[in-house]
Amino acid sequence: TEFSKYLSNTEDDIRKEDWKNAFNNLENSKKSWRKIKPFLQLDIDHDYVNDIENNFTLLKGYIETKDKSNSLATILLIKENWENIGQM
């Protein structure tokens, strides 16, 4: 689903302050997430799913307001949660 790729692209765009591409990559990440979420919910703690989705909401707001520091912190949280899911 290229979820990891879209997350990395979003992070890169935030670091470059390329807000338009960051928003587009965030939307692609969310589409990809919706494809894999049903499979994950069977095997993992729902807190991870909820955390990722809540952070998507925060990240969208931070990107829309061009808040680099909060955007970067939030995408890093999403990536960390995703990595933690992969280690289960």
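Colleague: Leaving aside neighbours within four places in sequence, with which residues is phenylalanine 56 in contact?

Modeller: In this predicted model, phenylalanine 56 touches Phe3, Leu7, Leu26, Ser29, Lys30, Trp33 and Ile78 once its neighbours within four places in sequence are set aside. Phe56 is also among the residues with the most contacts inside the largest nonpolar core, together with Ile14, Trp33, Leu59, Ile63, Ile75 and Ile78.

Colleague: Which helices supply residues of this core?

Modeller: The core has 19 residues. Helix H1 (3-15), helix H2 (19-40), helix H3 (46-64) and helix H4 (68-86) each supply at least two of them. The largest share, six residues, comes from H2. As a general tendency, nonpolar side chains in soluble globular proteins tend to be buried together.

Colleague: Why are H3 and H4 called roughly antiparallel?

Modeller: The two helices pack at an angle of about 160°, with their axes 9 Å apart. Angles over 145 degrees count as roughly antiparallel, and H3 and H4 are therefore roughly antiparallel to each other. The crossing of H3 past H4 is left-handed.

Colleague: What makes up the contact of H3 with H4?

Modeller: Its residues divide into twelve nonpolar, six polar and one charged. On the H3 side they include Asp51, Phe56 and Tyr62, and on the H4 side Ser71, Ile78 and Trp82.

Colleague: Why are H1 and H2 described as roughly antiparallel?

Modeller: Their axes cross at roughly 160° and come within 8 Å. With the cut-off for roughly antiparallel set at over 145 degrees, H1 and H2 therefore qualify. H1 passes H2 in a left-handed crossing. Among the residues making the contact are Phe3, Leu7 and Ile14 of H1 and Leu26, Ser29 and Trp33 of H2. The contact of H1 with H2 divides into nine nonpolar residues, seven polar and one charged.

Colleague: What is noted about phi of glutamate 2, and is glutamate 2 buried, exposed or partly exposed?

Modeller: Phi of glutamate 2 is near 65°, a positive value in a residue other than glycine. Most residues other than glycine have a negative phi. Glutamate 2 is placed in the segment before H1. Its relative accessible area is 45%; since partly exposed runs between 20% and 50%, glutamate 2 is called partly exposed.

Colleague: Why does lysine 66 count as exposed?

Modeller: Lysine 66 has 54% relative accessibility, and exposed means over 50%, so lysine 66 counts as exposed. Lysine 66 lies in the loop between H3 and H4, and its phi, near 60°, is a positive value in a residue other than glycine.

Terms used:
Residues are numbered from 1 along each chain as its sequence is written. This is a predicted model: local features need pLDDT of at least 70, side-chain atom pairs count only at pLDDT 80 or more; totals for chains, interfaces and linings use all residues. Side-chain values use heavy atoms; hydrogens and water are left out. A nonpolar core is a set of buried Ala, Val, Leu, Ile, Met, Phe, Trp, Tyr and Cys residues joined through side-chain atoms within 4.5 Å. Buried means under 20% relative accessible area, exposed over 50%, partly exposed in between (1.4 Å probe, protein chains only). Helices (H or I, at least four residues) and strands (E, at least two) are DSSP runs, numbered from the N terminus. Contact means heavy atoms within 4.5 Å. Axes are lines fitted to C-alpha atoms, for helices over the stretch in contact, and angles run from 0 to 180 degrees between N-to-C directions. Angles under 35 degrees count as roughly parallel, over 145 as roughly antiparallel, 65 to 115 as roughly perpendicular and the rest as oblique. A crossing is left-handed if the near helix is turned anticlockwise from the far one by less than a right angle, and right-handed if clockwise. Ala, Val, Leu, Ile, Met, Phe, Trp, Tyr, Cys and Pro count as nonpolar, Asp, Glu, Lys and Arg as charged, and the others, Gly among them, as polar.
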